[in-house]
Structures are given as structure tokens and as C-alpha cells.
There are 4 protein chains.
Amino acid sequence: MVDKIQDKKKQKKERLEQAAYDLFSEQGFSETSIDQIARRAGVAKGTFYLYFPDKEALLNQVIFKCSSRIFKEAMQESRFKQLDDWVERVIVLIDYVIELFKERPNDLKVINKNLSWSMVGDQVEKGDGEGVDQEFAELLSYYLEQLEGRGYERKAAFQLIFMVVELVGAVCYSSLVLGQLGPIDELKPMLFETVRKMIRN
Amino acid sequence: MVDKIQDKKKQKKERLEQAAYDLFSEQGFSETSIDQIARRAGVAKGTFYLYFPDKEALLNQVIFKCSSRIFKEAMQESRFKQLDDWVERVIVLIDYVIELFKERPNDLKVINKNLSWSMVGDQVEKGDGEGVDQEFAELLSYYLEQLEGRGYERKAAFQLIFMVVELVGAVCYSSLVLGQLGPIDELKPMLFETVRKMIRN
Amino acid sequence: MVDKIQDKKKQKKERLEQAAYDLFSEQGFSETSIDQIARRAGVAKGTFYLYFPDKEALLNQVIFKCSSRIFKEAMQESRFKQLDDWVERVIVLIDYVIELFKERPNDLKVINKNLSWSMVGDQVEKGDGEGVDQEFAELLSYYLEQLEGRGYERKAAFQLIFMVVELVGAVCYSSLVLGQLGPIDELKPMLFETVRKMIRN
Amino acid sequence: MVDKIQDKKKQKKERLEQAAYDLFSEQGFSETSIDQIARRAGVAKGTFYLYFPDKEALLNQVIFKCSSRIFKEAMQESRFKQLDDWVERVIVLIDYVIELFKERPNDLKVINKNLSWSMVGDQVEKGDGEGVDQEFAELLSYYLEQLEGRGYERKAAFQLIFMVVELVGAVCYSSLVLGQLGPIDELKPMLFETVRKMIRN
DNA sequence: CATGAATGAGCATTCATTCAT
DNA sequence: AATGAATGAATGCTCATTCAT
């Protein structure tokens, strides 16, 4: 009985998130009104405030879910390919991320360049709670260890990962969202080569 | 006589740009109203529309001027240091840019990660008109040639420069504006090392 | 068994009143939402409507209880001091009221200047029901009789009492809530003198 | 030319004040929306904010103008009757005020018991600026002097005047607005007698 | 009896833009 | 060219009240 209600609430929250995701990627964050979100989610405007304290909280939620999904999917896919070379494993992961962004450029638009890393980084460091971060934390730990095993200090390893993430994000954004620099496939060789140079000791 | 009038107009435009720059960096773009800009510039609200079609046009102008200034200053400074190694010349230029951003973090805030490169890139490619881009074009050409002389194709060279610019921008933004990743000086070694790896053939 | 349930209901109602009293005096009536009241009382929002038809009804209840309490306490206290002079007995009663307001300025805030007398007056005249007014009625009767014994007509006596109550209320409110006119203790001599002049035949 | 515009602005401001006065007295302050005020004044909602920073500022303005008008009219009328006895002059002034409130009970509703004195008192003490207070200040000074001439200290004189004002206000409000205590004319004898007792040395 | 999720009208306030002067 | 008064649509957010469970 109670579960049924909780279920409905969860569904409603997800409908709001989905509606927000759609609208944010279509029109951008500040051009989207709560009225629109509520209408598209099929709930009353007031209902929105039962689930989120304000618009920005919803944005964060949406961004976080978006990045999570992308990362998780890419990780799962890349697990199948078991490569000996650690560096190539990174490249494969990045390649999957790019392919996912190619399929869903809206995700890229919503995540937006500025927000992705800081959010992810924060969540990982805090170990916040809702359980999604667990996987991130593990992934991050794995790469940090790999780099530490290659002679990098922890801090340096962190910086390096940050730079790789930012670089990949920037390239994808420019190519897939802004349409600059030509098709992403033409950028891949240089991007991969750069990443290899960056993380190979 | 006519020149005098033209002068006054130019001054008014610059006052508007300056006011906008101040306010954008203090409060952000969408939190700044045209009313505030006009008031701080000492002109009537209606006057704004004699000089700019809308708020966004002003933003673009401000960003462009901002980036121009930074680049030009960095270039001028870096010219004094004549290094034999081309790669080290790049590093020195980047170092100047970082030092300038350190002094004026507001510039970084206004330029914002997403906007800088696309704008600059566009301006350079189009050869837009107001003459400021001349210097950019020259700088860009110089680096493109250097890379082409080292075996890169023109397109690849362009991609590489783009990646370097984005990387530097992202690192500066995270450190200086968001306060993440620690002080910029602690990031420099890794950043410079990465750039060296990227552009050394 | 039934009593137990009735008891619980009464307790719930009192918790709602107490919560409302707290919030009204902290933030004012229209700044307080039913949501807040219910939350502080530890009941569901819907439950509120089982006990009160709307917010205003609760306000009336709260004001009434508040005034009752003050008057009753003052009366009880003043009974100990047995003075021969009737006028001085009134003064002593007023002094007690003032002292109580001094201790609990929130009561004064909630009662507010406009509401006190009209409510009390209404309750006394109607003989509303919940029994609390009994004591008021007696007190009022006593003073009316005193005045009638001194040559005032009933109507005139009523007017006089009204004026005294309003005057005391206004002075307390200005001094204790608004902080005007200086400390209440400096106002007492003039206030008492005025009341003496008013009711001495 | 400029005067014409200033004139129009003044007219618009007055239309807004008039509309607010009407609505406040019809429905009360917090039940009146800015939308209603603007509509009744025949201006756009945004225009309201060109003339007043917010709703409360308008309320203060309206209350102040209201009280001013009443006092000034009463003073002017009472000047004709030249009475030797100072106390009787006060009574006549009060009588005029009551008659004015009788004609315009809405004024009483708007001024409301709580607000009148504090506002007036503040304005008089500050000597604010817009010139209306001049007359108040003079009136107040006159009465203060009279009382001081009769042996009251300045502070005591101030307290006494405060009490008289509050008393008159409370009686008028109860009778004319709340309809309690019977018609005002039946209250006058007792009220005047009380005031006489209060201010006669 | 009790709950609390859902509602949607309502509100104060902002602001880009226009236009008569 | 310059002004700044006027506009009114738009927005984020609140809250008393209802009602299915």
C-alpha cells in the first residue's frame, strides 16, 4: 500500500526530471520555466515544489543523472573488451563515451561544459548518498591507482584525470553541439593520440 | 566637427561596454539588467538600443574585447623573451596568459569556458572586420606554420591548437574561478608538461 | 475509553494552538502558513482542518485564550492585595497586567491593539459557550457595579471601562512592542494618574 | 514642457494613491493586490514600481496623507472658534476630528489604530522633508508648550498627548468602524469628560 | 480519525523593449 | 541623437484547501 504511493512519487519525480531534461536540452536552462516543466510532466505547478526546492536543484539532479548514465554505460561496454594495455583501455572507454554522446547530443548540451567535472568531482569526494556515486568512486580509484603505480603522486594523478575529462568534454561539445572543428570522427585520432601522450608515463 | 561627434559616440559605446563588463563579472550575465548597465554607463536606457541591438550582442562584444586584450598583452610580453625552442615559447605565452588571468579573474568569469574559443575561432576564420582580429590571425598563422613545419597537416594543427586552448582555459577556470583543484601555481607543472607532450612532435 | 479519545483530541487542539501562538508572535499572522503550524504541532496538514475551519478561526481562538490567561492571572494575583480604596484596586490590577505583558511581550504582539477589546467585549456580551468567559463576566460585573454605585449609568460605566482597557493596551503596545515612548516603567506614573482621574468620580 | 511631464507624473502618482486608498479601505491592505491597484488607477502593473518601491511604501504614503488631511482640516476649522479656555480648544479640535471621521470612516479604516500615532510621531520627530509635517510640528509644539506651562515636564507632556490621541482613535475606531459601543455621539460626552480630566492640571 | 500528496489560483516583482518628446 | 516614462508579459514561488487512501 505504502509502496504503491512511494512508487507513484518516484514516477512523478522521474517525469519531472525527464520533462526538464527535454526542455533544458531544447531551449537551455534559463529559457525554461517551471511552468513549462510542470505542464510537460503533466502535474500542477505547485507539485514541482514537492519534489525539488527550486529550479537549480532540478538542474543539478538532471545533470548528475545524465553524467551517471553516460559513464555507467560506457564502463559496462568497455568491460567486455579486455585489453592488456592500460592506456588502450582508457582510450576504449573514451571512445564509448564519445559514441554515446554522438547518439545523444542532448546529454552533452544539458551537461554543458562547465558543470560536468565539478559536479562529478564533488560527488565522488563527498560520497554523498544516493548510491550512484559508488561506481564513480570505484572507477576513479582504479585510474588513480593505475597512475600512482606509474609514478604519479595522488594529486598529480587527480590533475591528470581532470585534464583528460575536460579535454574530451571540450572536444565533444565543440564538434557535436556547436558543429565546429568538423565531425567528431575526424577529431578522434588527434584526441586519442593526445590522451595517449598525456597518460603514458 | 563630424569627428568630434563620432568620438563622443565611440566613447559612449565604450562606457556601455565597460559598465557591462563590470556588471557581468560581478553578477553574471542573466542577473544583469540593461537598466543597470545604462545607469552605470551614465546614459538613458533607451540610448542602449542605439548602440546595441540587444543584451546578447553586447555580451559578445564584451567577451571578444576581453579575450583580445588578454591575448594581445600576453603576446607582447612573450615577445621579449626570445627562446630558441619553439615549444618553450608556447609555454611562456601560456604562462603569461595564466598570470594575466590571475590578476584579473573577472575576465575569466566573463569569458567563461564555453564562449572563448568558439568566438575567437569564428572571428579568426571570418576575418570579421573591426581589425582587432588581424593580430590573432597572425598569431594563429604562426603557430599553424610551426606545427605544419613539424609534419602536422593544417587540419590536425588546428585541432591541436584548439585542444591546447581549451585545456588551458579549463584549468584556469577551475582553479581561479571555481577554486577547485587547488592553486593554479600547483597545477602549472602538470599543465605545462601536458602541453609539451601535446605539441612536441 | 471515550474520554481517552476526547483527551487526545483536546491535546491535539492545544498543540495546534500553542504552535500557532508561537509562530504568530514570532513572525506575525499573515507570514505564518498552516503548513508551519501543522508541522510544529506535529500533525498532518489535513488534520488542521479537523479542528479549525480556517486560519482566522485559529487566530481568534489564540487571541482569546491569550487575553483570558493574562486577565485571569492578573486577577488572581491582585486578589491577594486587599486594599480599601476601590480605585487603587484597579490600579493594582492594571499594574499586574503590565507586569505580565512585560514578561511575555509576545502575548501583546499576538493580541495586538485592535483585537483585544472587541473580542473580549463580544465574548462577555454573548456568553459564547466554552465557559472561560464566566470569570470575565464576573470581573466586568464587579467593576460595572462599582461604577454604578458611584453614580454612573450602566452604559457610561461600560464606556469608561472600555476606555481604560484601550488606554492601557495602547500604552503597553507602544512601549513594549514598538519600543516607542520609552520604557514602560517611566510611563506608569502618568498612566496610573490618568486612570485614577478617569475612574474617580 | 518638462513641467507638463512632471505634472503628469504627479497625477499618476496621485491616481495610484487614490486607487490604493479606495481598495485598502474596501478590502484591507493584505487583501489588495498591486494588480488591482494598477488596474483601478488605469496604469500598467509595471508602472506602479516606477512610483513606489513596494506595496508597503504605498501604504505608508496613503496613511500619512490621510492623517495629514484629517489633522489639517480639523485644525483649520477649529481656528475659527476662538475660545479662552485652552482645554476647551482641545475638545473642539477633537470634536472636529470625530466629525471628519464620521464623514469618512474609510480614513479611519485605512489609518487603523496601530499605525497612526507611530507614523505621526516619527514624522514629527524627524522633521522629514516633504513639508507636510511642518504644520504637525507646530501643532504638537503648541500643545506641548501649553502643558509645560501647566507644570508638566516635556516628557510627561508628550506621554499625555500620546494617550489622548490613542484614546480618541480607539473610541472612534470601535464606534465608527467596528460598530461597537453604540453611536459615537453617545460616546462623546464621556470621551470629552475623560479628556478634560486628563489634561486639566 | 488522520494523513500528506496534489492542486492551481494568486502574488510581488522584474525587465527587455518601445516610442513620444 | 538622446531620453526615460510606460508597458505588460513572464517568472519563480507560496499556500489554503481538498480528497483519496
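Between chain B and chain A, seven residue pairs are in polar contact, both partners having a pLDDT of 80 or more. That is a good place to start a walk through this structure, which is a predicted model. The elements of chain B that give two or more residues to the side touching chain A are α6 (105-126), α8 (154-177) and α9 (184-199). Of these, α8(B) provides the largest share, with 13 residues. Sorted by class, this side of chain B has 17 nonpolar, seven polar and seven charged residues.

Let us stay at this interface a little longer. Here 31 residues of chain B are in contact with 30 residues of chain A. Together the two chains bury an area of about 2,700 Å², and carbon and sulfur atoms give 63% of it. Charged side chains meet here too: the rule finds two salt bridges across the interface of chain B and chain A. One of them joins Lys155(A) to Glu186(B), with 2.8 Å from N to O.

Now turn to the DNA, beginning with strand E. This strand is surrounded by 33 residues, and the closest are Lys12(A), Thr47(A), Tyr51(A), Lys9(C) and Thr47(C). Of the atoms of DNA strand E that come within 4 Å of the protein, 65% belong to sugar and phosphate. Two contacts from chain A show how the phosphates are approached. An N or O atom in the side chain of Tyr51(A) is 2.3 Å from a phosphate oxygen of DNA strand E, while in Ala44(A) a polar backbone atom is 3.2 Å from a phosphate oxygen of the strand. A base is reached as well: a polar side-chain atom of Lys45(C) lies 3.4 Å from a base nitrogen of DNA strand E. As for the elements that give two or more residues to the surface near this strand, they are α1 (2-27) and α3 (45-51) in chain A, α3 (45-51) in chain B, α1 (2-27) and α3 (45-51) in chain C, and α3 (45-51) in chain D. The surface near DNA strand E is made up of 13 nonpolar, eight polar and 12 charged residues.

Next comes DNA strand F, where 33 residues surround the strand, the closest being Lys45(A), Thr47(B), Lys12(D), Thr47(D) and Tyr51(D). Sugar and phosphate make up 61% of the atoms of DNA strand F that come within 4 Å of the protein. From chain D, an N or O atom in the side chain of Lys12(D) is 2.8 Å from a phosphate oxygen of the strand. From chain C, a polar side-chain atom of Tyr49(C) lies 3.2 Å from a phosphate oxygen of DNA strand F. Chain B takes part through its backbone, with a polar atom of Gly46(B) 3.1 Å from a base nitrogen of DNA strand F. At least two residues of the surface near DNA strand F come from each of α3 of chain A, α3 of chain B, α3 of chain C, and α1 (2-27) and α3 of chain D. By class, that surface has 13 nonpolar, nine polar and 11 charged residues.

Finally, a detail of the backbone is worth a look. Most residues other than glycine have a negative phi. Leu181(A), however, has a positive phi near 70°. Leu181(A) sits in the loop between α8 (154-177) and α9 (184-199) of chain A. Its relative accessible area is 16%, so Leu181(A) is buried. In chain C, Leu181(C) also has a positive phi, of about 70°. The place of Leu181(C) is in the loop between α8 (154-177) and α9 (184-199) of chain C, and Leu181(C) counts as buried because its relative accessibility is 17%.

Note on methods: Residues are numbered from 1 along each chain as its sequence is written. Chains are lettered from A and ligands numbered from 1 in the order in which they are written. Side-chain values use heavy atoms; hydrogens and water are left out. A residue is near a molecule or strand if one of its heavy atoms lies within 4 Å of it. A polar contact is a pair of N or O atoms within 3.5 Å; within protein, one must be able to donate a hydrogen and the other to accept it, and residues adjacent in sequence count only if both atoms are side-chain atoms. Helices (H or I, at least four residues) and strands (E, at least two) are DSSP runs, numbered from the N terminus. Ala, Val, Leu, Ile, Met, Phe, Trp, Tyr, Cys and Pro count as nonpolar, Asp, Glu, Lys and Arg as charged, and the others, Gly among them, as polar. Contact means heavy atoms within 4.5 Å. Buried area is the accessible area (1.4 Å probe) that two parts lose on being put together, summed over both. A salt bridge is a side-chain nitrogen of Lys or Arg within 4 Å of a carboxyl oxygen of Asp or Glu. Buried means under 20% relative accessible area, exposed over 50%, partly exposed in between (1.4 Å probe, protein chains only).
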